[in-house]
Amino acid sequence: MSAYDLPTRLHQWLGPLGTTIPEVFVVGGALRDHLAGRLPRDVDIVCGEAANVARCIAKARLSGAAVVKLEKKPHPPCFRVVDRNNAADSIDVVPIHPDGISADLGARDFTVNAMAAPLLPGGRIGEIIDPLGGMTDMQNRLLRACSESAFTADPVRILRAARFAATLGFDIPPETLDQMSAGVSLLPRSAFERITAELFELLACPDALPHIRMLDDIDALEVLFPEIATMKGCAQNGFHHLNVWGHTLETLGNCERLLRRPDVLFTKNAAAFRRSMAGKNRLPVIKLAALLHDAGKPGCKVFDETKNRQVFYGHDREGETIAGNIARRMRLSNSDAAFLQLLVRCHMRPMELSRPGVKPTTITRWFEAVTDDGLALLLLAAADTCAKSGHRTDPMGKERFCQWADQTAADYCARIRPALGQKNLLSGADLQDMGMPPGPDMGRVLREVREHQNDGRVTGRAAALSLARQLAGL
């Protein structure tokens, strides 16, 4: 992705064509962002004979360029011209509508994306073509559909509307919301890869919750994820003031609040948390986990007569299974799916570890299993805890847990993580040298020595050997 403004990028790509430039129009989000004073993320141009134009642009590129044909239904073929020395620098060339630029713009998603401008020699931008009032809508911060068939032509635009509303800060007028609602039933016909891409871009926004609620209000979420229906109908016990789905949305809101300001929870280790979340898709996956963390509750709900209340034993494991099924439906990568399932499966574990009497060794052992993902689990557990406000809830319990999470994260960053990165002080060969035969007992001794090493109770080889002799009875 280039960081240059639109005129500069167009000049770089089309300037070398000189006066031989064909009839080409810059369209869509690139022009919208240019008019709003933002750097464009992608640059799309439309023209006749798009394949030939793409080859001409690539041939004229002094640094060298390649043409890659992209076919993503329901869109027409796209010819992406990519700089050979910088794969992030590209321009997309798309065939224009057979009936011309006005018809091309009328078939687009939203009026703010349905503006065009002819490109002049040198890649200069000509006069704006705006048949649907996109400029006015942009000034009024409105995201209005181009036509009544916009969402039936491509139902994924329903999700794109939510994403644009979140990223641009635009409002969706009632008539467009009605059109979105009417097209919701068609969403399952779309490729889930496209659905996932739009949802992840939405969840990556700092404040996605209002737009998630909007999608929920028009039943888009329930169409894509039928598991939500049982969550909405599942009342909870006295530790919660909302049903499972209401609690879920509050958890997402708390999660976003802490993600925007991780220093609120991790007072001294916000930077470490941010580094742990730096991988691709980790931000949208933790928010997806917030939406699914209690998905297993409806299937596990029983009444415990001894406690005189509803309980949800095993809902974490049931939720992990549901999350795995959803990950496959969404075509998530193996790493994203594993992170999602870990968060759902272990979302209650930090609360269990925060109880009085839990040994430091137990916490260290947990971090040994989850490593840096433990910081994400602490944040998710804090978001979950803060979303509980039933009559059984301890008002001070939320604050105590958040303080414990902060202290535990500090201990992990300062002591546990460095210790886990150290090499073992002893090996099986060392135990054999002291006369211990290979077998299960040797493994037990090595594990216990390692736990003492992780906790700082053993800090040198001599102390490790002494402990091993004691544990082995030698």
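In which helix is the place of Thr-361? Thr-361 sits in helix α20, residues 360–370, where helices (H or I, at least four residues) and strands (E, at least two) are DSSP runs numbered from the N terminus. This residue is buried, with a relative accessible area of 16%; buried means under 20% relative accessible area, exposed over 50% and partly exposed in between, with a 1.4 Å probe and protein chains only. Leaving aside neighbours within four places in sequence, Thr-361 is in contact with Glu-451, Asp-455 and Arg-457, contact being heavy atoms within 4.5 Å.

The model is predicted, so that local features need pLDDT of at least 70 and side-chain atom pairs count only at pLDDT 80 or more, while totals for chains, interfaces and linings use all residues. Residues are numbered from 1 along each chain as its sequence is written, and side-chain values use heavy atoms, with hydrogens and water left out.

**The chain as a whole**

The secondary structure comes to 25 helices and nine strands, and the C-alpha trace spans about 90 × 55 × 35 Å along its principal axes. Of the 474 residues in the chain, 51% are buried. The chain exposes about 21,900 Å², of which carbon and sulfur atoms supply 52%; these accessible areas come from the Shrake-Rupley method with a 1.4 Å probe, and for residues only the protein chains shown count as cover. Among contacts between residues at least 6 apart in sequence, 67% join residues at least 24 apart.

**The seven-stranded sheet**

An open sheet of seven strands has the order β3-β4-β5-β2-β1-β6-β7, with mixed pairing, where two strands pair if DSSP finds at least two bridges between them. The edge strands are β3 (65–70) and β7 (124–125), each of which pairs on one side only. Three of the pairings are set out below.

| Strand pair | Sense | Bridges | Opposed residues |
|---|---|---|---|
| β1 (24–27) and β2 (44–47) | antiparallel | four | Val-26 and Ile-45 |
| β2 and β5 (86–95) | parallel | four | Asp-44 and Asp-92 |
| β1 and β6 (116–120) | antiparallel | three | Phe-25 and Pro-118 |

Strand β1 can be followed residue by residue. Val-24 and Val-26 point one way from β1, whereas Phe-25 and Val-27 point the other way, and all are buried. In a regular strand the side chains alternate between the two faces of the sheet. Val-24 has Cys-47 as its bridge partner in β2, and Val-26 has Ala-117 as its bridge partner in β6.

Two helices are associated with this sheet. Helix α1 (residues 6–14) lies across β1, β2, β3, β4 (78–83), β5, β6 and β7, and runs at about 80° to β5. In helix α3 (residues 50–60), the residues Ala-50, Val-53, Ala-54, Ile-57, Ala-58 and Ala-60 are buried, and what covers them includes α1, β2, β3, β4 and β5. An α-helix has 3.6 residues a turn, so residues three or four places apart point the same way.

**Packing of α21 against α22**

Helix α21 (residues 373–386) and helix α22 (residues 397–420) pack at an angle of about 175°, with their axes 10 Å apart; the axes are lines fitted to C-alpha atoms, for helices over the stretch in contact, and angles run from 0 to 180 degrees between N-to-C directions. That angle makes α21 roughly antiparallel to α22, on a scale where under 35 degrees counts as roughly parallel, over 145 as roughly antiparallel, 65 to 115 as roughly perpendicular and the rest as oblique. From α21, Leu-375, Leu-378, Ala-381, Ala-382, Thr-385 and Cys-386 meet Lys-398, Phe-401, Cys-402, Trp-404, Ala-405, Ala-409 and Tyr-412 of α22. By class, this contact has eleven nonpolar residues, one polar and one charged, with Ala, Val, Leu, Ile, Met, Phe, Trp, Tyr, Cys and Pro counted as nonpolar, Asp, Glu, Lys and Arg as charged, and the others, Gly among them, as polar.

**Leu-224 in helix α11**

Leu-224 is found in helix α11 (residues 220–224) and is buried, with a relative accessible area of 3%. Apart from neighbours within four places in sequence, Leu-224 is in contact with Leu-159, Leu-187, Phe-192, Ile-195, Leu-199 and Arg-329. The C-alpha atoms of Leu-224 and Met-115, which are 109 residues apart along the chain, are separated by 31 Å.
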